[in-house]
Amino acid sequence: MVLQMARPWRDPDSGIFYLRKRVPRALLPQVKGTTAMLPVGDEHVAVRVGDITKASLRTREPSEAKTRYTAASAALSAHLQAVVAGPMRLSRRQVVAIAGTVYNDNLEELSNEPGEVGIWRHALRLHAEARAKGKLEQWVGPQVDLELAKLHIVAHPESRTALIEEIDRALVQRGELMKRFSEGDFRPDPEAARFPDPGAALAPLRSPAPTPPGSASANPASLGLNILDVWAKFKATITPASSTVRRWEPAIKAFDAFIESRGMETVTPGDATLFADHRVAAGISATSASKVDLAAVKRMFTFAHKRSWLKANPLAGLRRERRGTEEDRDREGRDFHPPECRTILNTTRTIYAEPGGRGDALLNTIRWVPWICAYSGVRPGEAIQLRKEDFSSEDGIPFFHVRGSAGTVKTGKGRRTPIHRCLVAEGLLDFVRNAKAGHLFVNVTGNDADAIRRGIDTSRGRLGEWVRAIGVNDPEISPSHSWRHTFKAIALDGGMTEKVADAICGHAQATQGRKYGTVSLATKAAALEAFPEYALEAPTAAAPKDAPGRL
């Protein structure tokens with residue numbers, strides 16, 4: 001459990017109130033030593049993040065201390081979220097809007113008393129010299145970092161470079177205006193309207209407003225079950241796949257920072273929705289924010305509720321609104337179209353891997369995994385983890401066995417899948433027969449489960465890159481998983497029953513009634529016999545040494 005210091009702390013000697021906040025342990029490797037800019041009264045104060053982050057609130061008044069504490073605490077949480085989320089790319093509009101806030105800072109006060117003209121001439125000369133000598137980083141960089149810290153943004157290097165240019169331009173523009181004012185010419189700046197409205201342009205970058213003091217979720221007594229503790233227990237109990245850990249852990253850590261490590265029982269559906277919006281604003285795609293980040297958080301709440309650690313699951317039934325409508329999609333469904341099937345399967349035939357040669361596992365993945373997926377609906381990761389010993393036959397029916405000992409099975413249940421006649425004709429069984437023992441598509445030594453899972457994840461990613469590279473690059477479909485949708489669509493259109501199709505694909509049966517009775521290997525084979533061939537070009541008879549795709 002993470003200790004929270006959710007109210008101002010008063011120094012017994014000076015009587016001055018302080019913010020003291022313990023940073024979640026899981027975030028320390030990323031955030032410790034970074035500098036947060038916290039609002040204190042009318043100023044921003046630089047504070048170094050540590051195990052316990054401390055900042056003077058610069059007041060002895062309890063009511064003022066509470067107000068300042070709320071603002072500073074929210075700013076610190078936003079800073080942690082930004083560091084965990086990683087560098088953010090800013091749009092051109094956002095860059096110019098931030099430069100506009102610098103231009104307008106104290107503009108009214110300066111306009112009334114612009115000072116001596118010599119001051120502005122000197123300032124403009126320094127700007128010109130810095131630009132001429134390539135020293136804008138030293139001259140404007142600190143100002144850029146201050147503005148980013150106020151917005152709690154970790155900017156991508158390219159965005160920060162653009163900000164340096166635009167803020168220097170804005171400061172020069174303001175300097176020219178002030179020089180003219182100091183000379184007695186008070187006509188308004190005709191170029192001031194070039195800056196976008198910062199409220200609209202920067203709204204996606206701003207963190208949600210802090211919870212008002214006195215609300216239920218701000219009550220320290222409500223702090224309880226921490227999501228990071230639940231995640232640790234989930235990993236120890238469920239042993240999720242390494243790909244799941246890799247995708248979910250950053251999301252869960254980001255959510256913990258977003259809610260300031262509050263107890264899970266204080267979380268509302270609105271918190272989760274705002275978190276998903278925050279992740280999108282941080283540069284995560286809307287699909288990933290919903291299907292990865294929000295899904296990971298919801299899974300932790302379900303896990304905790306089933307174990308009675310939570311009396312109720314506040315996120316049960318929560319669904320993030322899709323951006324746009326189904327009519328916005330350019331295609332119907334998530335399966336490959338026939339030309340895409342032909343492109344992938346025909347092109348795999350140009351791939352040849354020298355046995356034992358450099359990159360043979362990856363080339364074999366590209367050559368065979370799309371075919372296996374196309375004619376079985378197997379998950380890409382389950383195909384990639386297949387070993388030589390997973391192939392066998394029974395009563396004349398060749399099959400491969402999907403099982404957890406080879407890597408991982410999503411449902412936790414192994415299954416035997418008959419090998420379609422087209423895979424036999426293509427030469428899959430000959431490839432397996434000539435392969436060495438062990439994994440066919442992953443180069444690993446020993447039985448290190450983590451190494452095997454990492455190898456599977458890497459091969460799946462590289463296969464996806466290859467599919468995109470040959471021109472199947474519609475962002476609305478998955479480069480490998482769409483075979484599952486394609487197989488299911490063709491199978492059902494051809495009259496295969498849902499129960500048998502689910503058994504072949506490894507889908508959980510949809511109803512309690514369909515769970516009764518096991519679908520036999522012979523029944524699956526008979527159903528697959530009716531599965532049609534993909535319309536492809538005739539395979540070439542090129543000798544292996546002349547085949548394209550060799551490394």
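The questions and answers below walk through a predicted model, taking up its cavities, salt bridges, helices and strands in turn.

Student: How many cavities of 30 Å³ or more does the structure hold, and how much space lies in the second largest cavity?
Tutor: The count of cavities of 30 Å³ or more comes to three. For the second largest cavity, the space inside is about 80 Å³.

Student: Which element gives the largest share of the lining of the second largest cavity?
Tutor: The lining is made up of 13 residues, and those closest to the centre of the cavity are Lys 21, Pro 24, Ser 77, Leu 80 and Glu 260. Two or more lining residues come from each of β2 (17-22), α2 (62-85) and α10 (242-258). With three residues, the largest share belongs to α2.

Student: How many residues of the lining of the second largest cavity are charged?
Tutor: The lining of this second largest cavity divides into three classes, with six residues nonpolar and three polar. The charged residues of the lining number four.

Student: Is α2 largely enclosed by the rest of the structure or largely open, and why?
Tutor: Helix α2 has 24 residues and spans 34 Å from its first C-alpha to its last, close to the 34 Å expected at 1.5 Å a residue. A residue counts as buried when its relative accessible area is under 20%, and 17 of the 24 residues of α2 are buried. The helix is therefore largely enclosed.

Student: Which residue follows α2, and what is its phi near?
Tutor: The residue that comes after helix α2 is Gly 86, and the sign of its phi is positive. The value of that phi is near 95°.

Student: Which parts does the salt bridge of Arg 58 and Glu 43 tie together, and how many residues apart are they in sequence?
Tutor: Side chains of opposite charge can pair when their charged atoms come close. The side chains of Arg 58 and Glu 43 form a salt bridge with an N to O distance of 3.2 Å, and each of the two residues is partly exposed, Arg 58 with a relative accessible area of 46% and Glu 43 likewise with 46%. Because Arg 58 lies in the loop between β5 (52-56) and α2 while Glu 43 lies in strand β4 (residues 43-48), the pair ties together parts whose separation in sequence is 15 residues.

Student: Are Glu 249 and Lys 253 buried or exposed?
Tutor: These two residues lie in helix α10, four residues apart, which is about one turn of the helix. Their side chains meet in a salt bridge, at 3.6 Å from N to O. Glu 249 and Lys 253 are both buried.

Student: In β5, which residue is the bridge partner of Arg 20?
Tutor: Strands β2 and β5 run antiparallel and are joined by five bridges. The covered face of β5 holds Thr 53 and Ala 55, whereas Ile 52, Lys 54 and Ser 56 make up the uncovered one. The bridge partner of Arg 20 in β5 is Lys 54.

Student: In the hairpin of β6 and β7, which residue takes a positive phi?
Tutor: Strand β6 (residues 391-394) and strand β7 (residues 397-402) pair in the antiparallel sense over four bridges, and Ser 392 has Phe 399 of β7 as its bridge partner. Two residues lie between the strands of this hairpin, and the one with a positive phi, near 55°, is Asp 395.

Note on methods. Residues numbered from 1 in each chain as written. Predicted model: local features only at pLDDT ≥ 70, side-chain atom pairs only at ≥ 80, totals over all residues. Heavy atoms only, no water. 1 Å grid on protein atoms, 1.4 Å probe; cavity = no way out; pocket = protein on both sides within 12 Å on 5 of 7 lines; lining within 4 Å. Points joined across faces, edges and corners; volume = space filled by probe spheres on them. Nonpolar A, V, L, I, M, F, W, Y, C, P; charged D, E, K, R; others polar. Salt bridge = Lys/Arg side-chain N within 4 Å of Asp/Glu carboxyl O. Buried < 20%, exposed > 50% of the residue type's maximum accessible area, 1.4 Å probe, protein only. Pairing = 2+ DSSP bridges. Expected span 1.5 Å × (residues − 1).
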